[in-house]
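Hello,

Here is the structure I promised to pass on to you. Please open it alongside this email, and then read on for what turned up in it.

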Number of protein chains: 2
Amino acid sequence: MHIAILTFEGFNELDSLIALGVLNRAAPKLRVSLATPTPQVTSMNGVTLQGHITLEDAAGADAVLVGSGIQTRTIIQDAAMMARLQLDPARQLIAAQCSGALILAKLGLLSHGEACTDLTTAPWLQALGIRPLQTPLHVQGSIATAGGCLASVYLAGWLISRLIDEPATAAALHYMAPVGEKESYVAHALALLRQADAGQQVVS
Amino acid sequence: MHIAILTFEGFNELDSLIALGVLNRAAPKLRVSLATPTPQVTSMNGVTLQGHITLEDAAGADAVLVGSGIQTRTIIQDAAMMARLQLDPARQLIAAQCSGALILAKLGLLSHGEACTDLTTAPWLQALGIRPLQTPLHVQGSIATAGGCLASVYLAGWLISRLIDEPATAAALHYMAPVGEKESYVAHALALLRQADAGQQVVS
């Protein structure tokens, strides 16, 4: 199964690359690609990396994770750029990290009216008519949103659980977690994922 | 102040880039560079990025963070590569993430005989005569080691505390933490950093 991580100019390294690292723990069952608007993109902190696939290619992925960055508000005003994003929650899992929720809102994918995002993005999401939640992860059907860079671990964990199973998520998170904190971290994350996936309000 | 993150071929994205993201929250007081052996390096999961400075340039940094990756055991056998690393704990803070501890061991910088590392690296560190600890972060003077990808947040937090102050660390960690978990995450991390910096065994 193939997961595309949409990574734009000005991207937040944490939001695209924590997810990439976690998801790759489930390789080879999962294949992960950075989908970028241009062959190279440079992050908000000046890290230049090469994309693997185009934004258009993400239409063929089994899951799409929309990364965050400092230019998302500009991107959603760019009709040509937005037209390149052909996401379909009927056949794809769709996940958005932090300001990625603005892109889902603009694409009309948050019709349920609420989403997780970061504290900076929250007022801009509200301006698009979507209520920002005070929780790390929200799931509605095949669409998940997460807020706060480190919640990208939960978002990637949700994708692994949906695409493979919970033991695969537990194994990926165990690898990532700090030594000496692995058991408590994994237990916390799995409980949170179960709550979110059951459509419950996540209480951390 | 300038922090160089040593990032080798086969690097772990999480270990180099979580630290970079956290440290950049303290910009412009801190400037962060990826120091690479070649102009481009490709990660363990196929992410190709451009370095900012050379390995030799790291000798001039105020702090050096040694990233991790899948080739560290090969790197420490490469005398020419190791000769490029001129680290000086008398005038630099030195931090190592996961298998980065092997590089510090080989450079003779772990003469206190113990360090944090990841579970995979632990036996190899032991083979170099250094005792792997079952904790996320260990500090001895100007040298810190961390184990488990997400402990890179603690390692970066330690650098911010030493180079600026604890409120700057708290602000950086607050930004990063998941929405809804920010207060608990920051409190936990600061307590852990204080314990580690006091040379106490960290109890998570």
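**How the two chains relate**

A turn of 180° with a shift of 0.0 Å along the axis lays chain A on chain B, with an RMSD of 0.0 Å; copies are superposed by least squares on the C-alpha atoms of residues with pLDDT of at least 70 in both. That is the relation of a two-fold axis. In chain A, L49(A) has the C-alpha nearest the axis, 2.1 Å from it. The copies meet through the same surface, because 100% of the interface residues of chain A are also interface residues in chain B. Two residues are in contact if their C-beta atoms, placed from the backbone, lie within 7 Å.

Before you go further, please note that this is a predicted model, in which local features need pLDDT of at least 70 and side-chain atom pairs count only at pLDDT 80 or more, while totals for chains, interfaces and linings use all residues. Residues are numbered from 1 along each chain as its sequence is written, and chains are lettered from A and ligands numbered from 1 in the order in which they are written.

**A strand in chain A**

Look for strand β1 (residues 2-6) of chain A; helices (H or I, at least four residues) and strands (E, at least two) are DSSP runs, numbered from the N terminus. Is β1(A) enclosed or open? It is largely enclosed by the rest of the structure, because 4 of its 5 residues are buried (20 or more other C-beta atoms within 10 Å of a residue's own; exposed means 12 or fewer, partly exposed in between, with C-beta atoms placed from the backbone).

Strand β1(A) pairs in the parallel sense with strand β2 (residues 31-36) of chain A over 5 bridges; strands pair if DSSP finds at least two bridges between them. In this pairing, I5(A) stands opposite L34(A) of β2(A). Strand β1(A) also runs parallel to strand β6 (residues 63-66) of chain A, joined by 4 bridges, and here A4(A) stands opposite V64(A).

**A helix and a loop in chain B**

Helix α6 (residues 152-163) of chain B is mostly covered, with 10 of its 12 residues buried. Among them are Y154(B), W158(B) and R162(B).

For contrast, find G60(B) in the loop between β5 (53-54) and β6 (63-66) of chain B. G60(B) counts as exposed because it has 12 C-beta neighbours inside 10 Å. Its C-alpha is separated by 8.8 Å from that of Q92(B), 32 residues apart along the chain.

Enjoy exploring!
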